[in-house]
Structures are given as structure tokens and as C-alpha cells.
Amino acid sequence: MLLLMKKIFVIILFIFLWSNQVLAEANSEGDPMYYNEPSKRIYILRDGIGKKDHFEFIRYVKEGAESVFVNFPGGFGSNVIAPLIEKYKLPVFVGRHCYSACTIISTSSPTLYASDETMFMFHEGREQKGWNMEKYRTGRQWINALYRKAGATDEFIKLMNSEREKDTSKYDQKWEIWLSCKELKKYFTKNQINCN
């Protein structure tokens with residue numbers, strides 16, 4: 001019986017991911033974020049989130065969004081979007097890749113769905129014009145706090161600190177950590193993470 005339930009879950013997940021890809025390709029406007037009203041799902045795709053795209057996300061949540069699908073290389077606005085996902089308990093479905101801001105948003109969800117092949121990328125905030133040591137430290141504390149709030153274990157924070165120590169770039173922190181869904185589940189224990 002358990003094996004049959006697992007097979008059914010895998011089939012449903014496959015259909016879901018396939019339909020998301022079809023919907024993504026059907027988005028002729030090319031916007032990185034759009035709302036599918038019949039499914040009540042927000043899609044964040046392609047080139048990432050721009051500096052003002054979080055306003056669009058807020059509008060979609062107010063229109064009744066019930067879930068989010070992400071598959072993008074990062075961007076801005078995670079400090080607004082992640083708290084909304086947490087507040088409204090929006091499940092997040094992740095495509096094949098999830099980088100940077102996508103990872104912050106995904107780990108903030110109370111329920112995360114991804115495949116075994118999904119890869120999550122973590123890194124420090126990239127250098128901004130005019131950064132100094134104080135801004136760098138503030139950014140580092142901010143990212144630690146976000147991941148702690150999302151359920152990051154002490155082991156994960158130690159892993160990040162280890163990567164930080166290896167990186168010698170000034171205020172730019174070019175290190176990256178790549179985790180599979182199963183590895184993510186090991187390091188983030190607060191929320192439900194489904195890897196099938």
C-alpha cells in the first residue's frame with residue numbers, strides 16, 4: 001500500500017511539474033512573475049525578480065494566491081516575499097534550479113515541494129557600490145537571520161561560515177553552496193520539505 005501511495009505521489013508530482021513548465025512556456029509576455037488565476041498560483045521564472053517585482057507579488061497575494069512555483073536565478077525582493085509566504089502559509093513548488101533569492105523564498109515556506117534533482121544555491125549578498133566592512137557585516141547578519149528563521153540548523157550556519165572563511169574576495173563573497181533537496185531537508189528542519 002505504501003509503495004502504491006509513493007508511485008501515485010510521484011505521478012502527481014510529475015504531472016504538476018510538467019504542467020508548470022507548459023504554463024511557463026505559455027507566458028508570452030516573458031515576465032519573470034505572473035499569476036495564474038484558475039490555479040491560484042504565482043509563478044516566478046526566468047531572469048529573476050527585479051527591484052520592484054515584489055509589489056506585483058503583494059497584489060497577487062491580495063487577489064487570492066494559494067501557492068507559488070519558483071524556478072529562477074535570484075534577484076531582489078526576498079525580504080518582502082519570504083515573510084508573505086510565511087504569513088499566508090503558501091506552499092512553494094520548486095522547479096529544477098533555485099538560486100539565491102529563490103532559495104530564501106523557498107526555505108521560508110511552511111511546505112516545500114521539489115524533486116530529488118532540484119538544486120538549491122546559497123551565497124552571500126554580492127558587493128554593492130560603496131560597501132564597506134560595516135555594510136558587509138550587516139548583510140551577513142541579515143542572511144544568517146533569514147536562514148535561521150527558515151529553520152537552518154547550527155550545522156548549516158557552520159557550513160556557511162566555513163565557506164566564508166575560505167573566500168578571500170573583499171566584500172564580495174563569491175562562495176556558493178549547492179544542496180540537493182535531500183541535503184536541504186537535512187539542514188532545514190523547521191518546515192515540511194518534500195523531495196519526490
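Is E63 buried, partly exposed or exposed? The exercises below use a predicted model.

**Exercise 1. Classify E63 by accessibility, then do the same for its salt-bridge partner.**

Step 1. The relative accessible area of E63 is 42%. Buried requires a value under 20% and exposed a value over 50%, so E63 is partly exposed.

Step 2. The partner is R59, whose closest N atom lies 3.3 Å from an O atom of E63. The cut-off for a salt bridge is 4 Å, and the pair forms one.

Step 3. R59 has 42% relative accessibility and therefore counts as partly exposed.

**Exercise 2. Locate the salt bridge of E86 and K190 in the fold.**

Step 1. The side chains of E86 and K190 meet at 3.2 Å, N to O.

Step 2. E86 belongs to helix α3 (residues 78-87), while K190 sits in the loop between α7 (181-187) and β9 (192-195), so the bridge ties together parts that are 104 residues apart in sequence.

Step 3. E86 is partly exposed at 26%, and K190 is partly exposed at 45%.

Step 4. A network of salt bridges links E86, K149 and K190.

**Exercise 3. Find which helices are tied together by the salt bridge of K186 and E155.**

Step 1. The N to O distance for K186 and E155 is 3.8 Å, which is within the 4 Å limit.

Step 2. K186 lies in helix α7 and E155 in helix α6 (residues 154-166), so this pair ties together parts that are 31 residues apart in sequence.

Step 3. With 46% relative accessibility, K186 is partly exposed; E155, with 43%, is partly exposed too.

Step 4. The pairs worked through here are among the six salt bridges of the structure.

**Exercise 4. Describe the disulfides: partners, handedness and burial.**

Step 1. The whole structure contains two disulfides. A disulfide is a covalent bond between the sulfur atoms of two cysteines.

Step 2. C98 is joined to C102, with an S to S distance of 2.1 Å. The angle about this S-S bond is -105°, and the link is left-handed.

Step 3. C98 is buried at 0% relative accessibility, and C102 is buried at 0% as well.

Step 4. The sulfur atoms of C181 and C195 are 2.0 Å apart. The torsion about their S-S bond is about -75°, so this disulfide is left-handed.

Step 5. C181 is in helix α7 and C195 in strand β9, so the pair ties together parts that are 14 residues apart in sequence. Both C181 and C195 are buried.

Step 6. Counting bonded cysteines along the chain gives the pattern 1-2, 3-4.

Technical notes. Residues are numbered from 1 along each chain as its sequence is written. This is a predicted model: local features need pLDDT of at least 70, side-chain atom pairs count only at pLDDT 80 or more; totals for chains, interfaces and linings use all residues. Side-chain values use heavy atoms; hydrogens and water are left out. Buried means under 20% relative accessible area, exposed over 50%, partly exposed in between (1.4 Å probe, protein chains only). Helices (H or I, at least four residues) and strands (E, at least two) are DSSP runs, numbered from the N terminus. A disulfide is a pair of cysteine sulfur atoms within 2.5 Å.
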